[in-house]
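Visitor: I'd love a close look at one small part of this chain, with the cut-offs spelled out as we go. Could you take me through it and then show me how it fits into the whole?

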Amino acid sequence: MSLLSLNNIRTLRAQARDTTVDVLEEMLDKLRIVVQEKQEEQQQLEAQQRDKAAKLEKYRELLASEGISLDELTAQSQTITKTKAKRSPRPAKYSYVDEKGQTKYWTGQGRTPSVISKELNNGKSLDDFLI
């Protein structure tokens with residue numbers, strides 16, 4: 001049974017038919033505790049929102065008294081963020097001739113080109129491909 005079904009008086013009456021008054025009173029006490037906790041939680045949330053709104057207003061007034069607009073402040077923070085500089089490409093360490101007869105270069109990082117892999121499997125050394 002969900003809590004929403006407790007919101008219907010006919011459902012409550014049907015569920016309470018086979019329950020004693022003592023048990024119903026105990027349930028009522030527990031429900032009052034839950035309601036009180038929920039009300040306190042709501043009041044605490046509202047107080048936090050009021051505090052935040054007061055702080056925001058205080059900072060707006062402080063900025064206005066210093067002659068700074070919110071647009072200037074946000075524009076300043078956007079220019080401060082640095083973009084990650086792209087590193088320069090690594091120099092090639094190895095050269096090889098592919099199946100089409102073209103000379104290709106490899107930095108030694110990433111997946112080993114298939115031509116070099118085949119030659120390594122046939123007993124050649126990586127040093128044989130050094131530039």
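Visitor: In which segment does Leu-130 lie, relative to α4?

Guide: Leu-130 lies in the segment after α4. Before we look closer, please note that this is a predicted model, where local features need pLDDT of at least 70 and side-chain atom pairs count only at pLDDT 80 or more, while totals for chains, interfaces and linings use all residues. Residues are numbered from 1 along each chain as its sequence is written, and side-chain values use heavy atoms, without hydrogens or water.

Let's start with the surroundings of Leu-130. Its relative accessibility is 45%, so Leu-130 counts as partly exposed (buried is under 20% relative accessible area, exposed over 50%, partly exposed in between, with a 1.4 Å probe on protein chains only). Setting aside neighbours within four places in sequence, Leu-130 is in contact (heavy atoms within 4.5 Å) with Lys-93 and Tyr-94. The C-alpha atoms of Leu-130 and Lys-93 are separated by 5.8 Å, although the two positions lie 37 residues apart in chain numbering.

Tyr-94 leads us from Leu-130 into the largest nonpolar core, whose six residues are Tyr-94, Tyr-96, Trp-106, Val-115, Ile-116 and Phe-129. Such a core is a set of buried Ala, Val, Leu, Ile, Met, Phe, Trp, Tyr and Cys residues joined through side-chain atoms within 4.5 Å. Two elements give two or more residues to this core, namely β1 (94–97) and α4 (114–121). Ile-116 is a good place to pause: beyond four places in sequence, Ile-116 touches Tyr-96, Trp-106 and Phe-129, and also Leu-126.

Now step to the loop between α3 (70–80) and β1, where you will find Ala-92. With a relative accessible area of 36%, Ala-92 is partly exposed. Outside the range of four places in sequence, Ala-92 touches Tyr-105, Trp-106, Thr-107 and Ile-131. Trp-106, among the contacts of Ala-92, is also a member of the largest nonpolar core. Lys-104 is 12 residues from Ala-92 along the chain, and their C-alpha atoms are separated by 9.6 Å.

For a contrast, visit helix α2, where Lys-55 is found. Lys-55 is exposed, with a relative accessible area of 51%. If you draw a line from the C-alpha atom of Lys-55 to that of Leu-31, 24 residues apart along the chain, its length comes to 36 Å.

Finally, let's zoom out. The protein chain has four helices and two strands, in the order α-α-α-β-β-α from the N terminus on (DSSP runs numbered from that end: H or I of at least four residues for helices, E of at least two for strands). The radius of gyration is 37 Å, whereas a compact globule of 131 residues would have one near 14 Å (taken over C-alpha atoms; the globule rule is 2.2 Å times the number of residues to the power 0.38). Along the principal axes, the C-alpha atoms fill a box of roughly 95 × 60 × 20 Å. Buried residues make up 7% of the 131 residues. Among contacts with a separation of 6 or more, 20% join residues 24 or more positions apart. The pairing we began with, Leu-130 with Lys-93, spans 37 residues along the chain.
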